[in-house]
Amino acid sequence: MTVDQTVFRSAVLTPDMDRPTGLSDGKGAPAGRRFDVYRNNVAVSLTEALETAFPVVKKLVGDANFKLLAGVFLRQHPPSSPLMMFYGAEMPEFLSGFEPTKSIGYLPDIARLEVALRESYHAADAAPMDPADLQNTAPDDLMVSTVTLAPALRLIRSRWPIHAIWRYNMDDDAPKPEMAAEDVVVLRADMDPSPLVLPAGGGAFIAQLLARSNFGDALTAAAQEFESFDLSQMLAILISNNALIKIGD
Amino acid sequence: MLDASTHPFDQLPNTPGVGYKAQHFSDLLESPGSVGWLEIHAENYMGAGGRPIAQLRHLAERFALSVHGVGLSIGGEGRLDPEHLQRLKHLVGWTKPASFSEHLAWSTHDSAFLNDLLPLPYTKDTLTRVADHIDEVQETVGRRMLLENPSSYLAFDESTYQETDFLREIAARTGCGLLLDVNNVFVSATNLDTDPISYIDAFPLDLVGEIHLAGHDEDHDDHGRPLLIDSHGREVAEPVWSLYEYAIQKGGARPSLIEWDNDVPDWPVLEAEAARAARVLETVA
C-alpha cells in the first residue's frame, strides 16, 4: 500500500476527508489523529502567515472571523511558492467575491494596500537621482522622457478612504475616517514603507509614469483629472521619499 | 555526485549558533555571548531588497552563516522547482555561507506549497528520488549540502529502510553531509516508540556537519500514547540535552544550533540556551 503525495496533500488540506490508509503509529495501529498534526501545522502556519500579512483586514473583520476567512482562503489558494512573505497576493480578489464580508465594501482595497506595503518592504533597493538633474533637463526634453520610479513604490487607487481607514486601525490617535475616494502611494524612503494620500491628480500622474508614459502624457492625464494639478508638490513628495530614480528607462 | 574531498561541509565553528530573528539584531552585535554563528531560513531572504537583505549583508560580515532551506521539497514526487533552485543558488552565492542545509521532507506537490515538512516513506524508489534531487541541488548550487533527519508523527507501512540506513545510503550516493536534529530524534523515537540512543548509535556521526537543538510540545494520540510536536517554541527539553551530550561524547564537538522560531524569547533566554550547549561542547574540547 503506497500513500502518494496527491492523496496525502488532499487529506492534509481537507479536514473532513478520510485520513490516508497505509500510515501507522509505528506499532501497527492506524495513525489516526497523528495525521492531524500535519493538518494542523499546515492550517495554523498558513493562517498565521495571513494574519501577519493582513493585520488591518483582520482587525476590521475580527480575530475569529479572520481565522474562518483564512481557512477558506488557504484551501482555495494554497501558496504557489515557498516565499511566504508574498503569500496572500490573491486576497483582494478573493475578498471581492467572499459573501460573508461583502457588506464591508472597502475590505478588498484595504487588502490591496496591505499587499502593497509588504511588496514594498521586500522590493529592490535603488539609489535616487540627484534632484538637480531634473532641474537641469530642458522642459521639452523632460516632456518626452519616461521616468523610472523606485521599485518599492506602489499605487492603489480607491473609491474608498483606504488610507484613513488603514491609519485609524493602526494608530490610536488617528482621526475617524470620512467618506472620500483616495489615491494612495506607498513609498519607501529608506527601509520602512509608508502609505501616503496623493494630492488630486497625483493618482493619474503616477499611474501614467508606472505605465511608462512620458512625462508630458502623465501631466496631461493628471490635469484632465484635476485642472490645477500641482506638479511641484507631486515632485517634492517623490523626491523627499527617494522615489525618483532616473529620467529614462 | 560532488567530490566530497573538495567540498568540505564542516566550515561552521564547533560552537553554538542560533536561528537568527530580526528582534535580536542589536543584541547579537552587542552581546553575542557564546554564539559564534547564525542560521537563517533561506526563504526569508529571497526578496529583492529592503531591510531583511540589508541586515543579512551586515550579519554576514560579522558571523559565520548557515543557510537552512525549508521550502525546496527534496522529498517531493515531482521535480524540484527550477526557479527556487536558482533563488537558492543566488542566496548561497552572495552570502557565501559556511554551511547549506535542507530537510528530508516534502512540502510542494502540484505547485501547491504547504509550508510544513511532510513525511515520506523509506523505500528503494524514494531513496533514488531523494538522491537524484540532492545531486541536482548540489550541482546547481555548486556545493555540498547537509540533509536533516525529520521529526516523525507516524510511520509508512510501505517503508523498507530504517531512517538511519536511508540517510547513510543517500549520503553515500550523493556525497552530501548530514544535519543531526537531536530534538527530532527524541520526538520521533517517543512518537514511534523506538530507542533514541540506538538511533544515535546507528547514525553516521562522521558525516554530521551540524546539530540542531529545539523545544517540543507534548500531546497524545487516540490511544493516550505520548505524541510530541516539533514546535520550536520553548527551551530544549532535559532528555534532549541528555541525548545531545551522548551524541557529542560519541561523535565529538559539532556546530550546534538552538532553534527557537515561535514565541521567540528575549535575547538573554536564547543566549542562555546557547551557553548551555557551549558547556557541553567544552566537555569534549
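In helix 10 of chain A, G202(A), A204(A), F205(A), Q208(A) and L209(A) meet D217(A), A218(A), L219(A), A221(A), A222(A) and E225(A) of helix 11 of chain A. Here "meet" is a contact, with C-beta atoms, placed from the backbone, within 7 Å; helices (H or I, at least four residues) and strands (E, at least two) are DSSP runs, numbered from the N terminus. Sorted by type, the residues of this contact come out as seven nonpolar, two polar and two charged. In that sorting, Ala, Val, Leu, Ile, Met, Phe, Trp, Tyr, Cys and Pro are nonpolar, Asp, Glu, Lys and Arg are charged, and the others, Gly among them, are polar.

A word on the ground rules: this is a predicted model, where local features need pLDDT of at least 70, side-chain atom pairs count only at pLDDT 80 or more, and totals for chains, interfaces and linings use all residues. Residues are numbered from 1 along each chain as its sequence is written, while chains are lettered from A and ligands numbered from 1 in the order in which they are written.

Back to that helix pair. Two packed helices are described by the angle between their axes and the distance between the axes. For helix 10 (residues 202-210) and helix 11 (residues 215-225) of chain A, the angle is about 155° and the axes are 7 Å apart. Axes are lines fitted to C-alpha atoms, for helices over the stretch in contact, with angles from 0 to 180 degrees between N-to-C directions. So helix 10 of chain A is roughly antiparallel to helix 11 of chain A; the cut-offs are under 35 degrees for roughly parallel, over 145 for roughly antiparallel, 65 to 115 for roughly perpendicular, and oblique for the rest. The crossing of helix 10 and helix 11 of chain A is right-handed, meaning the near helix is turned clockwise from the far one by less than a right angle (anticlockwise would be left-handed).

Zooming out, the domain assignment splits chain A into domain 1 (1-104) and domain 2 (124-249), with bounds from an automatic or database assignment. Taken over C-alpha atoms, the centres of these two domains of chain A are 37 Å apart.

Now for where the chains touch. Chain A puts 43 residues into the contact and chain B puts in 37. On the chain B side, strand 6 gives the most, with six residues. That side of chain B divides into 15 nonpolar, twelve polar and ten charged residues. Strands also pair across the chains: strand 1 (residues 23-24) of chain A runs antiparallel to strand 8 of chain B, joined by two bridges, and pairing takes at least two DSSP bridges. L23(A) has F156(B) as its bridge partner there.

Within chain B, you can trace a closed barrel of eight strands, 1-2-3-4-7-9-10-13, with parallel pairing. Its neighbouring strands are turned by 30° against each other on average, direction ignored. Strand 1 (residues 16-19) and strand 13 (residues 256-259) of chain B run parallel and share three bridges, with P16(B) opposite S256(B). Helix 9 (residues 267-282) of chain B lies across strand 1, strand 10 and strand 13, at about 155° to strand 13 of chain B. Helix 6 (residues 182-192) of chain B lies across strand 9 (177-181) and strand 10 (208-214), at about 65° to strand 10 of chain B.

Key:
Two residues are in contact if their C-beta atoms, placed from the backbone, lie within 7 Å.
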